[in-house]
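The exercises below are to be worked with the sequence and the coordinates at hand. Each task is followed by a solution that goes step by step.

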Amino acid sequence: MTWFSIIVSGIVTYFSRMAMVALIDREMLGTKVKEVLNYVPAAVFPAIIFPGVFFNDFGSFVEITDPKIYGAIVALVVGFYSRNIIATIISGLLSYWFIIFFLLK
Amino acid sequence: MLSKSKIFFKGIVAVLPHMLSVIPFGIITGAIGVELGFDPILVYATSLIIFGGASQIIFMQLLSGGASSLVAITSVGVINSRHLLYGAVLSEYLEKLSFIKKLFISYFIVDQGFAESNKYLRQNKNLSNPHYYVLGTGITLWFFWQLSTISGIILGSFIPEELGLKFAIPLTFLAIIVNDLRKLDHVFVMFVSGFASLILFDAPFKSYIILSPIVALISAFIMLRLKK
């Protein structure tokens, strides 16, 4: 049964990757739709980022003092000015670790 | 004119920084699967067959928690439906390919690969073989994902949980969009999406992952109409 679920999940996931690339003709999308598609990264990624920062493992809101919030702010500032992915991730992690291992100890 | 292999290589280089979060996440995914009591082969099969980080973890958690296959499959489908949006964007660069090649390359469409491909290809519209860039990003992510989930399966979670490395996931996506904070219209769409995800977080089947982007894209559509 587990194998069956994995395979069906795999087919569903593959379909979501393939459908718009292989089955849909781009001509079918109007200019307005194409214009809106410019915003796909801005529309998708915050929906992963916000819950990752503002919710804990149990799905409830973190407190305003949560280290993740400050790590994210540092990463945001560093990323904005450095335009560098590694610097963004590392600065976020380091400031997060600094808070949990030094300030909260 | 850039050769195919050069474009492919550029794709590889573009996603390498994201391995900082992809590798720990892969290790965690493999280790969680084994901890939940799944056969190592099954855990690995999710990486090969489903190939979608968060959806694999939720899939295994649901099944081990006694949820029906239908619930597990539906959740995976809902979480991964965001790829429809990636496909719609990338199709601009893949439309000239043969049907078979489209089927092949589709398997490698992943969040970070989509984001980096979109960023690069938008600025290099007249590139002759843009799909090599998409492949370079996708195959790199695929390779490291397989490798890291396998290490998680074999070694268990050798990453101490206190490190909170799960936090690297929002950071990697933050790194993707942080540059667009310079554009006010994008900032608006980001906040709509972010707030929507906080409000919709408890919606069934983790559907906030696709509902929030839909809300954000509708607001982008309205914004564009008002601007005109």
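**Exercise 1.** In this predicted model, determine whether B:Phe51 is buried or exposed, and describe its backbone and its place in the chain.

*Solution.* Begin with the backbone, where phi of B:Phe51 is near 55°, a positive value in a residue other than glycine. Next, locate B:Phe51 in the loop between helix H3 (40-50) and helix H4 (53-64) of chain B. Finally, count the C-beta neighbours inside 10 Å: B:Phe51 has 24 of them and therefore counts as buried, since the cut-off for that class is 20 or more.

**Exercise 2.** Repeat the analysis for B:Phe205, giving its phi, its loop and its burial class.

*Solution.* Phi of B:Phe205 is near 55°, again a positive value in a residue other than glycine. The loop that holds B:Phe205 runs between helix H11 (184-199) and helix H12 (208-227) of chain B. Because B:Phe205 has 17 C-beta neighbours inside 10 Å, it counts as partly exposed.

**Exercise 3.** Which residues touch the most other members of the largest nonpolar core, and which helix of chain B gives the most to this core?

*Solution.* The largest nonpolar core has 97 residues, of which A:Ala43, B:Leu90, B:Ala168 and B:Leu174 touch the most other members. Helix H2 (residues 19-35) of chain B gives the most to this core, with ten residues, while domain 1 (1-29) and domain 2 (39-103) of chain A each supply at least three. As a last step, take B:Leu174 and leave aside its neighbours within four places in sequence: its contacts include A:Ile49, A:Ala72 and A:Leu76.

Definitions and conventions. Residues are numbered from 1 along each chain as its sequence is written. Chains are lettered from A and ligands numbered from 1 in the order in which they are written. This is a predicted model: local features need pLDDT of at least 70, side-chain atom pairs count only at pLDDT 80 or more; totals for chains, interfaces and linings use all residues. Helices (H or I, at least four residues) and strands (E, at least two) are DSSP runs, numbered from the N terminus. A residue is buried if 20 or more other C-beta atoms lie within 10 Å of its own, exposed if 12 or fewer, and partly exposed in between; C-beta atoms are placed from the backbone. A nonpolar core is a set of buried Ala, Val, Leu, Ile, Met, Phe, Trp, Tyr and Cys residues joined through C-beta atoms within 7 Å. Domain bounds come from an automatic or database domain assignment. Two residues are in contact if their C-beta atoms, placed from the backbone, lie within 7 Å.
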